[in-house]
Amino acid sequence: MNKGVLYFIIMIVVFGGFALYTKILDDSKPALLTEQAVEPDLLLDNSKFYLKEHAYERSLDQLDQAIKAIREIELDLDEESKRILEFSISELELVRTEMEMDSLVTEDLNEAFSDALNALTIAELKISEILLQQNHPKDALVALKYGMYHVKHALKYSQGEKKEYEIHIYEEIDELLENNSLSEAEMIEKLEAMIHELDILVEGEKAAEGH
């Protein structure tokens, strides 16, 4: 066999094995630490875009896929995070019903979409806190970056006081990512404060006080 051909085959095998190994590593991580975490954001954006273009079937399809993506993310979460996400999913399903019945209220869509993204932010902050406690600071920062991504998308659907809260959360996460002088205990304290604030946004003050 020609040496060049043999070398080419070996390279394919080596890189193919590396790609498979990388995929196995990615699959072993929680969805919130992979690109799967941002799928709901993109699908919700698509749903609203198609709605504006009067492509209602496409809008519904994208919303269905967003709900499915959130449910897949739920599989890796603790029970409290699942409960918060289920609360937001129920809002998305209500919006879906309104869309089907041609009775959609824009405010309902914006509220549901922002709540879903804030719920995903809560999940990211919680997993970041857990990773810090388990001494995995690099993965904790990955979760923080995705949390920042979610809340940034939520800003597109919010207004008034709610938007001000989200801007505050965005800035707090940015500060955590930029400030290398904070101890893990200080980071965890800030994370818990943000989780509480977002919990109020998603479920309302009474629900938060009852936890």
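Where is H54 found? In the loop between α2 and α3. I'll come back to that residue below; here are my notes on the rest as well.

1. First, a reminder that this is a predicted model. Please read everything below with that in mind.

2. Start with the nonpolar core. The largest one has 56 residues, and the members with the most contacts inside it are L44, L63, L92, F113, L125, L144 and I173. Helices α2, α3, α4, α5, α6, α7 and α8 (184-203) each put in at least two residues. The largest share comes from α5, with 13 residues. As general background, nonpolar side chains in soluble globular proteins tend to be buried together.

3. If you want one core residue to click on, try L144. Which residues does L144 touch, once those up to four places away in sequence are set aside? They are L125, S128, I173, L176, L177, M187 and L191. Two of those names, L125 and I173, are also on the list of core residues with the most contacts.

4. Now the charged pairs. In general, side chains of opposite charge can pair when their charged atoms come close. The count here is nine salt bridges. I'll go through a few of them.

5. K156 and D45 form one of these salt bridges, with 2.7 Å between the closest N and O atoms. The partners are 111 residues apart and link distant parts of the chain: K156 is in the loop between α6 (137-154) and α7 (160-178), while D45 is in helix α2 (residues 39-52). Are the two partners buried or exposed? K156 is partly exposed, at 49% relative accessibility. D45 counts as buried because its relative accessibility is 18%, and the cut-off for buried is under 20%.

6. E86 and R71 make another salt bridge, and their closest N and O atoms are 2.5 Å apart. E86 belongs to helix α4 (residues 79-100) and R71 to helix α3 (residues 56-74), so this pair ties together parts that are 15 residues apart in sequence. Both ends are partly exposed: E86 has a relative accessibility of 31%, and R71 has a relative accessible area of 32%.

7. Then there is K162 with D115, where the closest N and O atoms are 2.7 Å apart. K162 sits in helix α7 and D115 in helix α5 (residues 106-133), so the salt bridge ties together parts that are 47 residues apart in sequence. Take a look at the surroundings of this one in the viewer, since K162 and D115 are both buried. Elsewhere, D64, R96 and E100 are joined into one network by salt bridges that share partners.

8. N110 deserves a look too. This residue lies in helix α5 and is buried, with a relative accessible area of 18%. The side chains of N110 and K48 are joined by a polar contact of 2.7 Å. Apart from neighbours within four places in sequence, N110 is in contact with K48 and Y157.

9. Y157 turns up again in the aromatic pairs. How many aromatic pairs are there? The count is two. F49 and Y50 pair edge-to-face, with 5.5 Å centre to centre and 65 degrees between the planes. F49 is partly exposed, with a relative accessible area of 48%, and Y50 is partly exposed at 21% relative accessibility.

10. F113 and Y157 also form an edge-to-face pair, at 5.3 Å centre to centre and 80 degrees between the planes. F113 is in helix α5 and Y157 in the loop between α6 and α7, so the pair ties together parts that are 44 residues apart in sequence. Both F113 and Y157 are buried. F113 is also among the core residues with the most contacts.

11. Back to H54, and to the backbone. H54 has a positive phi of about 65 degrees although it is not a glycine. This residue is exposed, with a relative accessible area of 57%. N135 also has a positive phi, near 65 degrees, and is likewise a residue other than glycine. N135 is in the loop between α5 and α6 and is exposed, with a relative accessible area of 55%.

Note on methods. Residues numbered from 1 in each chain as written. Predicted model: local features only at pLDDT ≥ 70, side-chain atom pairs only at ≥ 80, totals over all residues. Heavy atoms only, no water. Salt bridge = Lys/Arg side-chain N within 4 Å of Asp/Glu carboxyl O. Helix = DSSP H or I, 4+ residues; strand = E, 2+ residues; numbered from the N terminus. Buried < 20%, exposed > 50% of the residue type's maximum accessible area, 1.4 Å probe, protein only. Polar contact = N/O pair within 3.5 Å; in protein donor to acceptor, adjacent residues only side chain to side chain. Contact = heavy atoms within 4.5 Å. Core = buried A, V, L, I, M, F, W, Y, C linked by side-chain atoms within 4.5 Å. Phe/Tyr/Trp six-rings, centres within 6.5 Å; stacked < 30°, edge-to-face > 60°.
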